Amino acid sequence: MSLEGDIKLLTENIHLITREQAWHYRILPKHKSDNQYLFYCEESADLNNLSGEIEILLGVNVALEPIPNIHIAKLLSTYYIKDNSDSRANHILHQYDADDFLLNLISEAQSLKSSDIHIEKYESRCRVRIRIDGLMVERYLLHSDQYPALINKIKILSNLDIAEKRLPQDGRINFKHSDKQFDIRVSVLPTLHGEKVVLRLLSNDAADIDLNNLGFSANDMNSYLEGVKRPNGIILLSGPTGSGKTTTLYATLKLLNKETRNILTIEDPVEYTLEGINQVQLKESIGLTFSAALRTFLRQDPDVIMVGEIRDTETANMTIRAALTGHLVLSTIHTNSAWGTVSRLIDMKIPPFLVASTLNTTAAQRLIRLLCPHCKTNQVFTSDLYPKQFKPYKNLTSHFVANGCENCFYTGYKGRKAVYEVISIDHELALEIKNENMYIQNILKDRGVKSLAENAFALFEEGKTSLEEIYPLLFNY
Ligand SMILES: [Zn+2]
């Protein structure tokens, strides 16, 4: 048996280094103890230099065990294959200045349209990841000794207590860079090896948001706009956190934003500032809740009101009251389907007849990641890949799968699109609500209302997304 056949790397050790690091230094982790990592390396390697460099990189003592070059090559291809989960675009920093690093990091995250930056401290190093299209992507690894200056800088900018390292803290940074300006919400959480920092980038520029680019199909757009044009009633968007509801709300507000309308919003947080709209930031600690703001709004002669989220009975009641008194109210609610909002409101003790007389439009939405056009690959498709209960109306012979390349940070996906299910409430459906009939599938089918799953499936059929991405939705096809 050949040597590389005898070598088995332990899974827990494989993650000591990233794929890029393994290939760059042509090393493989053999053993880890408290104070030393042992790596296999090529026989031809300069042991002193190599161990020195890896020590700086990982912040631990490193020992090397040379084995034939050919074995290293084979083992690298076995244990550090290019797959979607383990491939990352790391930059290991040798030259480092905390101020510059933070500035570059935020600018980079902003230009990549990232929503969050995560700075995490582990035993010997600090990892910096950013969230792009909903997925975490590792961007930088720092040494342990580079981490304190970065945390302190962030704490100073967000007016947090530098000395406090045992309790969670929350703050805010108003970030100005060249001509850009936006808010960053800062959350600091003490963990085992140090404080984990999450920076949420709140883009203040809503210029790019446009109802036409979100992902509405032509039919869905028509029914949605019909609701938006009505002078009163509640337009409710449902979906889990991160399904893009807020973006749809802002796009709708932009459309409604006319000199002739008084628009008021209560939000948590205010993610974008819209010129011409009176936006209020929720502050529960001082009693500025969704329902309290709504009460005041009604005395402010509004035309359109946006409530960030209906999450309690009091807010639900105030929202209904606002709609009954002739206002158009936009809001979001946590349910899985468009029609589910009806039962959710009834669960919140709103009498069905009031839901029936105020609900104008209910829409569910999800964000679907789109396959990276640079690296998606076509494969043979068989229908046993679908969930068992799913019955496709058409057989596909091939499909596209995620791969991973430099363009998509090795995730296989690039960009996202929302899929919707829009139900416009008319007299017929209002009657169903009054009767608390939760089974209206036939009515929706007759009207040609497409479900979330059908709209998502269409993206898959067109080769724009993967089966994996829409799989959870197919259970409710
Ligand atoms: Zn790609």
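Which helix gives the largest share of the lining of the second largest pocket? We'll get there in Exercise 2, after a quick warm-up.

A word on the ground rules: this is a predicted model, where local features need pLDDT of at least 70, side-chain atom pairs count only at pLDDT 80 or more, and totals for chains, interfaces and linings use all residues. Numbering starts from 1 along each chain as its sequence is written, and side-chain values use heavy atoms, with hydrogens and water left out.

**Exercise 1. Get a feel for the whole protein and its confidence.**

*Solution.*
- Step one: count the elements. There are 17 helices and 19 strands, taken as DSSP runs (helices H or I, at least four residues; strands E, at least two) and numbered from the N terminus.
- Step two: look at the extent. Along the principal axes, the C-alpha atoms fill a box of roughly 80 × 60 × 40 Å.
- Step three: check burial. Of the 477 residues, 50% count as buried; buried is under 20% relative accessible area, exposed is over 50%, and partly exposed is in between (1.4 Å probe, protein chains only).
- Step four: check pLDDT, the predictor's confidence in each residue, from 0 to 100. The average is 89, and 95% of the residues score at least 70. Watch residues 83-89, though: pLDDT there is below 50, and the stretch has 22 contacts in the model beyond near neighbours in sequence. Contact here means heavy atoms within 4.5 Å.

**Exercise 2. Describe the second largest pocket.**

*Solution.*
- Step one: define it. On a 1 Å grid over the protein atoms alone, a pocket is an open set of points with protein on both sides within 12 Å along at least five of seven lines, while a cavity is a set where a 1.4 Å probe fits but cannot get out; lining residues have an atom within 4 Å of a point.
- Step two: size it up. The volume is about 640 Å³, meaning the space filled by probe spheres set on the points, with grid points joined across faces, edges and corners.
- Step three: list the lining. It has 25 residues, and Glu421, Gln441, Leu444, Ser451 and Asn476 lie nearest the centre. Two or more residues each come from α12 (340-347), α15 (441-447), α16 (452-461) and α17 (467-474).
- Step four: pick the winner. That's α15, with four residues.

**Exercise 3. Work out which side of α10 faces inward.**

*Solution.*
- Step one: find the buried residues. In α10 (residues 290-297) they are Phe290, Ser291, Ala293, Leu294 and Phe297.
- Step two: check their directions from the helix axis to the C-beta atoms. They cover an arc of only 160° around the axis, so they sit on the same side of α10.
- Step three: see what covers them. The cover includes β12 (263-267), β13 (278-281), β14 (304-307) and α11 (313-324).

**Exercise 4. Buried or exposed: what are Ile184, Thr358 and Asp34?**

*Solution.*
- Step one: Ile184 is in strand β9 (residues 180-191). Ile184 is buried because its relative accessible area is 0%. Leaving aside neighbours within four places in sequence, its contacts include Ile106, Phe175 and Leu201.
- Step two: Thr358 belongs to helix α13 (residues 352-358). With a relative accessible area of 4%, Thr358 is buried too. Outside its neighbours within four places in sequence, Thr358 touches Gly233, Ile234, Ile320, Ala323 and Leu324.
- Step three: Asp34 lies in the loop between β1 (27-32) and β2 (36-42). At 80% relative accessible area, Asp34 is exposed.
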